Amino acid sequence: SLVEDGTPGYSNSVTLPQYNLSLDTIQVVAPEPDEALELKVTIINHGSASISSANLKLQIFQQDQRLVLRENPLPEILAGDTLVWLIEVLLDRCGWIAIETEISLLEDASPEDNNFNLETYLGCSESSLIINEIMPIPRVDQAEWIEIYNRSNRSVNLKNWQFSDAKATGKVITDSSLNLAANDYLLLSDQDYIVGRPWSVTMLNIPGFPTLNNTADAVKLFDPQGKLMDQMAYDDFSALVEGRSWERIRSGKAGIDSENWGVCIYESASSPGYKNSLDLLELVPDLLINLAPNPFTPNGDGQQDELIIHYELPFEQALMSITIFDMAGRKIAEPVLIKAVAHRGNLTWNGAASYGGIAVTGLYICKLQIDNMQGQVTEILKKVYLVR
């Protein structure tokens with residue numbers, strides 16, 4: 001007997017039941033993006049009789065949304081035989097899915113083995129998740145961090161997604177299910193606090209967070225299958241600024257394109273968990289230049305001490321120079337010299353003159369020279385009043 005003390009008054013433990021099907025395994029053939037998912041369902045007849053009245057129910061879910069429901073009668077399965085049932089499913093989704101299968105047979109002696117469930121990942125042809133902003137050179141009171149953005153219109157399960165710098169191996173973001181909503185942000189750091197982030201935005205403290213080099217480095221994002229889905233890089237020519245984040249300009253443009261990144265122009269110096277200051281859907285049709293406050297008063301009282309030169313360009317990147325002249329045409333200052341800038345931003349003049357000290361009270365000409373790096377140079381002249 002297979003049961004201690006035997007089975008008096010019951011069917012012998014070594015006697016096969018007449019009807020007993022079991023769902024043994026499900027094998028998933030991971031498809032290429034946009035190809036059908038193939039499932040191999042193995043069903044074993046452990047009973048003493050052939051079975052021809054069973055049904056197989058298949059359901060596929062993604063984050064509690066049922067994507068597939070199929071119910072099919074199974075062919076006859078002889079006693080002691082095994083059936084491998086092939087199923088092909090074409091899904092319009094990628095990411096993590098849950099597969100649930102169930103055999104229904106009224107006479108089954110052991111219905112507890114009639115279910116088999118598993119979770120699997122389907123690769124995406126284009127990543128919903130992108131590297132959106134980084135803080136590569138923080139001040140002593142700041143943390144290094146990386147911002148991930150979900151640019152799709154569906155939430156994404158972050159389970160087993162990985163990231164790395166240029167040299168390190170991938171660090172798992174989370175080994176459990178964590179859904180990032182559409183158009184939402186995730187912050188990664190080795191600290192528990194990031195200055196300026198909204199409390200509603202998810203932040204993860206990653207042990208062994210890869211330290212970003214100040215001069216040149218990269219950030220890479222991998223899906224759960226280890227496929228590189230997004231990356232960005234910076235170097236000595238990227239014009240990074242200590243304490244200011246490095247932002248992606250267009251979410252739909254390649255992250256590895258160096259022209260798709262620029263320094264944050266917000267007064268807060270970064271935008272963790274918020275829309276990037278340089279975020280761009282479309283360029284302005286015409287060049288816009290605004291000087292404020294005008295007049296400005298660089299007297300050190302903490303109010304209106306700097307002239308802020310706000311610009312919006314009809315192209316994504318440019319080289320900009322700013323020169324200040326007095327009304328006699330003499331060069332007084334050159335606060336900006338051939339600086340790489342993004343399509344939108346702020347530059348400043350603190351009133352300092354090239355001959356030393358602060359320029360005298362008076363009317364000046366602010367000359368902006370803008371090179372779109374495609375052979376076109378534009379010059380703009382603006383009047384500015386300095387009052388001491």
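The following exercises, each with a worked solution, concern a predicted model.

**Exercise 1. The four-stranded sheet**

Find the order of the strands in the open sheet of four strands, and state which strands stand at its edges.

Solution.

Step 1. Read the strands across the sheet: the order is 4-3-6-7, and the pairing is antiparallel.

Step 2. Look for strands with a single partner. Strand 4 (65-73) and strand 7 (115-122) each have one partner strand, so one side of each is left without a neighbour in the sheet.

Step 3. Add the twist, which averages 15° from one strand to the next.

Step 4. Examine one pairing. Strand 3 (residues 55-62) is joined to strand 4 by eight bridges in the antiparallel sense. Within this region, Ile-60 has Val-68 of strand 4 standing opposite.

**Exercise 2. The six-stranded sheet**

Describe the pairing in the open sheet of six strands, working along neighbouring strands.

Solution.

Step 1. The strand order is 15-14-9-8-18-19, and the pairing is mixed.

Step 2. At the edges are strand 15 (202-205) and strand 19 (261-263), each of which pairs on one side only. On average, neighbouring strands are turned by 25° against each other, direction ignored.

Step 3. Check the sense of single pairs. Strand 14 and strand 15 run parallel and are joined by four bridges; here Leu-187 stands opposite Met-203 in strand 15. Strand 9 and strand 14 run antiparallel, with five bridges. Strand 8 and strand 9 pair in the antiparallel sense over six bridges.

Step 4. Follow one residue across the sheet. Trp-145 in strand 9 is the bridge partner of Met-135, and in strand 14 the bridge partner of Trp-145 is Ser-189.

**Exercise 3. The two faces of strand 9**

Decide whether the faces of strand 9 are covered, and list the residues on each side.

Solution.

Step 1. Recall the general pattern: in a regular strand, side chains alternate between the two faces of the sheet.

Step 2. Sort the residues. Trp-145, Glu-147 and Tyr-149 are on one side, and Ile-146, Ile-148 and Asn-150 are on the other.

Step 3. Check burial. Six of the six residues in strand 9 are buried, and both faces are covered.

**Exercise 4. The largest nonpolar core**

Identify the residues of the largest nonpolar core that touch the most other members, and examine two of them.

Solution.

Step 1. The general background is that nonpolar side chains tend to be buried together in soluble globular proteins.

Step 2. The core has 27 residues, and Ile-131, Ile-134 and Leu-188 touch the most other members. Strand 8 (129-135), strand 9 (145-150), strand 14 (185-189), strand 16 (217-222) and strand 17 (228-234) each supply at least two residues of the core.

Step 3. Take Ile-134, which is placed in strand 8. Ile-134 counts as buried because its relative accessibility is 0%, and buried means under 20%. Leaving out residues up to four places away in sequence, Ile-134 touches Trp-145, Ile-146, Leu-212, Val-219, Met-232, Tyr-234, Ser-245 and Trp-246.

Step 4. Take Leu-188. Leaving aside neighbours within four places in sequence, the contacts of Leu-188 include Trp-145, Ile-146, Ile-148, Phe-163 and Phe-209.

Step 5. Note that another core, of 26 residues, lies apart from this one; among its members are Leu-307, Leu-313, Ala-318 and Val-384.

**Exercise 5. Aromatic pairs**

Classify the ring pair Trp-96 and Tyr-121, and then the ring pair Phe-163 and Phe-209.

Solution.

Step 1. A pair of aromatic rings is described by the distance of the centres and the angle of the planes. The structure holds six aromatic pairs.

Step 2. For Trp-96 and Tyr-121 the centres are 5.6 Å apart and the planes stand at 70°. Planes over 60 degrees apart count as edge-to-face, so this pair is edge-to-face. Trp-96 belongs to strand 6 (residues 95-104) and Tyr-121 to strand 7, 25 residues apart.

Step 3. Check burial: Trp-96 has 12% relative accessibility and counts as buried, and Tyr-121 is buried with a relative accessible area of 6%.

Step 4. For Phe-163 and Phe-209 the values are 5.7 Å centre to centre and 45° between the planes, and the pair is tilted. Phe-163 lies in strand 11 (residues 162-165) and Phe-209 in the loop between strand 15 and strand 16, so the pair ties together parts 46 residues apart in sequence. Phe-163 is buried at 1% relative accessibility, and Phe-209 is buried at 6%.

Step 5. Return to Trp-96: Lys-159 lies over the face of this ring, at 5.0 Å from the ring centre.

How values were computed:
Residues numbered from 1 in each chain as written. Predicted model: local features only at pLDDT ≥ 70, side-chain atom pairs only at ≥ 80, totals over all residues. Heavy atoms only, no water. Pairing = 2+ DSSP bridges. Axes fitted to C-alpha atoms, helices over the stretch in contact; angles between N-to-C directions. Core = buried A, V, L, I, M, F, W, Y, C linked by side-chain atoms within 4.5 Å. Buried < 20%, exposed > 50% of the residue type's maximum accessible area, 1.4 Å probe, protein only. Contact = heavy atoms within 4.5 Å. Phe/Tyr/Trp six-rings, centres within 6.5 Å; stacked < 30°, edge-to-face > 60°. Lys NZ or Arg CZ within 6 Å of the ring centre and 35° of its normal.
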